[in-house]
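The following exercises are to be worked through with the sequence and the three-dimensional model at hand. Each task is followed by a solution in steps.

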Amino acid sequence: MDGQALRPTASWENGTLAPVDRLRAERADSPTPGLVEGTEPGAGQKSAMFVHAQSFEDLTAEAEEEARRDDELDKSGECAEELKVLVGEKTIEEQRNNSISSESRSKEEDVSSEAWRSHRKHVFVLSEAGKPIYTRYGTEEALSSTMGVMMALVSFVEAEKNIIRSIHADGCKVVFLTKSPLVLVGVSRTCQSDKELLRELQYIYYQIVSLLTLTQLNHIFQHKQNYDLRRLLAGSEYLTDNLLHRLDRDPGLLLSAVTCLPLASSARDVVSSSLQAAKAKNLVFSILLAGDRLVTLVRKKDQFLHHIDLHLVFNLVGSSSSFREGEGWTPICLPKFNTAGFFHAHISYLEPASELCLILVSTDREDFFNMSDCKQRFLERLSKRSAYQALKEALKCPTYSVAQVGIPELRHFLYKSKSSGLYTSPEFPEVYHSDEEQERLMGLYQDLHSCLHHPTRPLRSFYRCSETENLLAWVTSGFELYLCFSPLGTKALAVSAVNKLLKWIRKEEDRLFILSPLTY
Amino acid sequence: NISFHGGESPKGTLRVKMVLLGSSGVGKSSLALRFGKDEFRSTTPTVGCAYLTRVVHLSDVTLRFEIWDTAGQEKYHSVTPLYYRGAHAALLVYDISKRETFIRAQVWLKELEKQYTPGSTVMWLVGNKGDLAQDRQVSVQEGQALANDRDLSFTETSALAGDQVSELLIYKKAVLGLIESPDLTKETFGNKGPKFKDGPHIYH
Ligand SMILES: Nc1nc2c(ncn2[C@@H]2O[C@H](COP(=O)(O)OP(=O)(O)OP(=O)(O)O)[C@@H](O)[C@H]2O)c(=O)[nH]1
Ligand SMILES: [Mg+2]
């Protein structure tokens, strides 16, 4: 591995989807990697970005901050005293050097038993009373066999006053996230960092909150500590299953960004303005999706949607065939917006067999007919113009080939514009066509991502050779870029490819990104 | 004769608000699909509620069914009153191969009876999955007895087998019941149909 820290910066913590008002006028024609946020390819042209994080309590940032603190303590040997007081995290060495009680030793053995070893990543959700709420793998019986372990883990967490974060046993990591009234446990045999695993557990937490609200969760457990939450989550396990699957595969969840349907900006603008015109008093967000790709998003002025909430909506729509029959109307909590309350979402496809799904989010639970009416008005406007035809055409090629970029050794890439919170990526080439290969490549990207966003030693760029591919990752204040080359490529070639690729993205940005997001 | 058409409701159409209630997995959405498209295919559980409209032309009147296919999952129960309030027809569905869904249907019935003045709603008790005779846990007699006791109409169906007659029967009888019902007049319903009233505020 050939890693190099050019300049350590902790830009991850600041890398939110916040609007950036500066330097927008100077959109250079041929960008260089030194670009500042707001002028990179794919950055929006108006001061208001369509996705925004900063105006809300950012629980992830808070947890990241904590994790970072732990990590700092963990890494500096002299902080041993504080380490004992503040964190329960033990490194592999520490555990092997017997600085851990015999009690936790036996747990360690359980965790590494055959049943646990067979899957790459387990996720458990428990109540604070130790009642199982969710397990990624296994049925009731499988769950009962691991019950003892989970109970022990939970009480261990409690005994340590909730400060244990992770246990590293050989080849296996157990990560804890306590989010009262829930405890989330991840058991992973991947090489992902604690931070990445915690981020994934956060997602699972938000998934559960989005179904019930935190207020309701708290209410339930205050009244009945022993409540079996599976009753309320029954029939929704598939949402969590699918989200975990996405976490392994979807670059958007890794990059904290969403991707768009490639569409000529003239057509997209018409779609956006048609959606903008179909407004209603309590309508907060109008979202048009094509499968997992955003076509456009129109929001109420001053109301912002967080990418996590958007991914939860994507997951709900993508996991349910029920919206295909008629119009769906459901309470939904957008936890990054507000953990206490429900929005009400009108979810329907534009046409029965279409991939185009419209989501209208209202604050009023009696707004069904108003939302239905908004949809009709949107459809009428849209079908009067040629844009609908253009949109349907664009659906036929929702992705593009990396060959279009014209860099021979380049196989694949991920490019995220930080200020817009949007990313673009070509389809997987032939060599990565199997599911296993795609997940392997995603795993490599995740590694690179961990290095670029290391809590204490973040890297600006990272080049890595292997027998199967060469990888380059590069982060600036404006963008994040991950490139995958054939193993024949050289480092010099990779570096020169960056400029070429950025030029190409700049040329195509009208089509690949939403440059002029609208509000009502 | 009854025929099914989509599209605009012509002048003089009666709007009929119909709600499907019952435990998760009893086949409410499958029945709705069978009504509307005479199809059967596996779907995921309903999220919140699905709204469908079906137009039925009778010889002397056209009916526009506005069907609220509710989610049976417990987490959505607190919003269900939004949908059954003001319904002209309610189908209380259970799965003949799962006794607990029959018991659950009786709980729904109690709930509904609190809300309704007799005669304003045509209520049906529907035992679905009739094709699963080998797994039957609720006999026809039991279903019929409950229906007689509470003054409901009763039928067994199978959304899977698509025994069209019984599905159409639901329509026909529901429709006839409605036409005979003095409450159903054109004036009763505005252009937008019944608006939601306030339900219990369990969701904050
Ligand atoms: N054998 C058999 N299976 C059926 C029948 N009707 C529905 N099913 C199956 O039962 C399962 C649940 O059906 P749904 O129609 O989704 O049930 P639902 O009542 O709408 O469930 P919720 O939306 O969760 O409330 C599906 O797998 C259907 O294929 C039937 O008549 N016979
Ligand atoms: Mg259903």
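**Exercise 1. Contacts of ligand 1**

What distance separates a backbone N or O atom of Ala159(B) from an oxygen atom of ligand 1? Extend the analysis to the surroundings of ligand 1.

Solution. The model is a predicted one.

Step 1. For Ala159(B), the separation between a backbone N or O atom and an oxygen atom of ligand 1 is 2.9 Å.

Step 2. The protein covers 87% of the accessible area of ligand 1, which on its own amounts to 650 Å².

Step 3. Two further backbone contacts can be listed. A backbone N or O atom of Gly27(B) is found 3.0 Å from an oxygen atom of ligand 1, and for Val26(B) the corresponding distance is 3.4 Å.

Step 4. Around ligand 1 there are 23 residues, of which Ser24(B), Lys28(B), Ser30(B), Gly72(B) and Asp131(B) come nearest.

Step 5. Sorted by class, this shell holds 13 polar, seven nonpolar and three charged residues. H1(B) supplies the largest share of the shell, with three residues.

**Exercise 2. The magnesium site**

Identify the atoms that coordinate the magnesium ion (ligand 2), and place their residues in the fold.

Solution.

Step 1. The coordinating atoms are OG of Ser29(B) and OG1 of Thr46(B), at 2.0 Å from the magnesium ion.

Step 2. Ser29(B) belongs to helix H1 (residues 28–37) of chain B, whereas Thr46(B) is in the loop between H1 and strand S3 (49–57); the pair therefore ties together parts that are 17 residues apart in sequence.

Step 3. Buried status requires a relative accessible area under 20%. Thr46(B), with 9%, is therefore buried. Ser29(B) has 21% and so counts as partly exposed.

**Exercise 3. Chain B and its helix H1**

Describe the secondary structure of chain B, and then determine which residues of H1(B) are buried.

Solution.

Step 1. Chain B contains five helices and seven strands. Along the sequence these elements follow the pattern β-β-α-β-β-α-β-α-β-α-β-α.

Step 2. Of the 204 residues in chain B, 52% are classed as buried.

Step 3. In H1(B), seven of the ten residues are buried, so that this helix is mostly covered. The buried residues are Lys28(B), Ser30(B), Leu31(B), Ala32(B), Leu33(B), Arg34(B) and Phe35(B).

Step 4. Just after H1(B), Asp38(B) adopts a positive phi of about 50°.

**Exercise 4. Cysteines**

How many disulfides are there over all chains? Examine Cys49(B) as a case.

Solution.

Step 1. The total over all chains is zero disulfides.

Step 2. Cys49(B) takes part in no disulfide, and the nearest cysteine sulfur, belonging to Cys357(A), is 16 Å away. The sulfur atoms would have to lie within 2.5 Å of each other to be counted as a disulfide.

Step 3. At 0% relative accessibility, Cys49(B) is buried. Cys451(A), by contrast, is partly exposed at 22%.

**Exercise 5. Backbone conformation in loops**

Locate the cis peptide bond between Ser180(A) and Pro181(A), and then treat Asp302(A) and Lys129(B), which have positive phi values.

Solution.

Step 1. The peptide bond joining Ser180(A) to Pro181(A) is cis, with omega at about 5°. Pro181(A) sits in the loop between strand S5 (172–179) and strand S6 (182–188) of chain A.

Step 2. Asp302(A) is not a glycine, yet its phi is positive, at about 70°. Its position is in the loop between strand S9 (293–299) and helix H14 (307–319) of chain A. With a relative accessible area of 60%, Asp302(A) is exposed.

Step 3. Lys129(B), also not a glycine, has a positive phi of about 65°. Lys129(B) is part of the loop between strand S6 (122–128) and helix H4 (140–150) of chain B. With a relative accessible area of 21%, Lys129(B) is partly exposed.

**Exercise 6. Lys491(A) and Arg464(A)**

What distance separates the C-alpha atoms of Lys491(A) and Arg464(A)?

Solution.

Step 1. Lys491(A) is in helix H18 (residues 491–512) of chain A, and its relative accessible area of 30% makes it partly exposed.

Step 2. Along the chain, Lys491(A) and Arg464(A) are 27 residues apart, and their C-alpha atoms are separated by 8.8 Å.

Methods:
Residues are numbered from 1 along each chain as its sequence is written. Chains are lettered from A and ligands numbered from 1 in the order in which they are written. This is a predicted model: local features need pLDDT of at least 70, side-chain atom pairs count only at pLDDT 80 or more; totals for chains, interfaces and linings use all residues. Side-chain values use heavy atoms; hydrogens and water are left out. Donors are N, O and S atoms within 2.8 Å of the metal (3.2 Å for Na, K and Ca); water is not among the atoms, so sites may look incomplete. Helices (H or I, at least four residues) and strands (E, at least two) are DSSP runs, numbered from the N terminus. Buried means under 20% relative accessible area, exposed over 50%, partly exposed in between (1.4 Å probe, protein chains only). A residue is near a molecule or strand if one of its heavy atoms lies within 4 Å of it. A polar contact is a pair of N or O atoms within 3.5 Å; within protein, one must be able to donate a hydrogen and the other to accept it, and residues adjacent in sequence count only if both atoms are side-chain atoms. Accessible areas come from the Shrake-Rupley method with a 1.4 Å probe; for residues, only the protein chains shown count as cover. Ala, Val, Leu, Ile, Met, Phe, Trp, Tyr, Cys and Pro count as nonpolar, Asp, Glu, Lys and Arg as charged, and the others, Gly among them, as polar.
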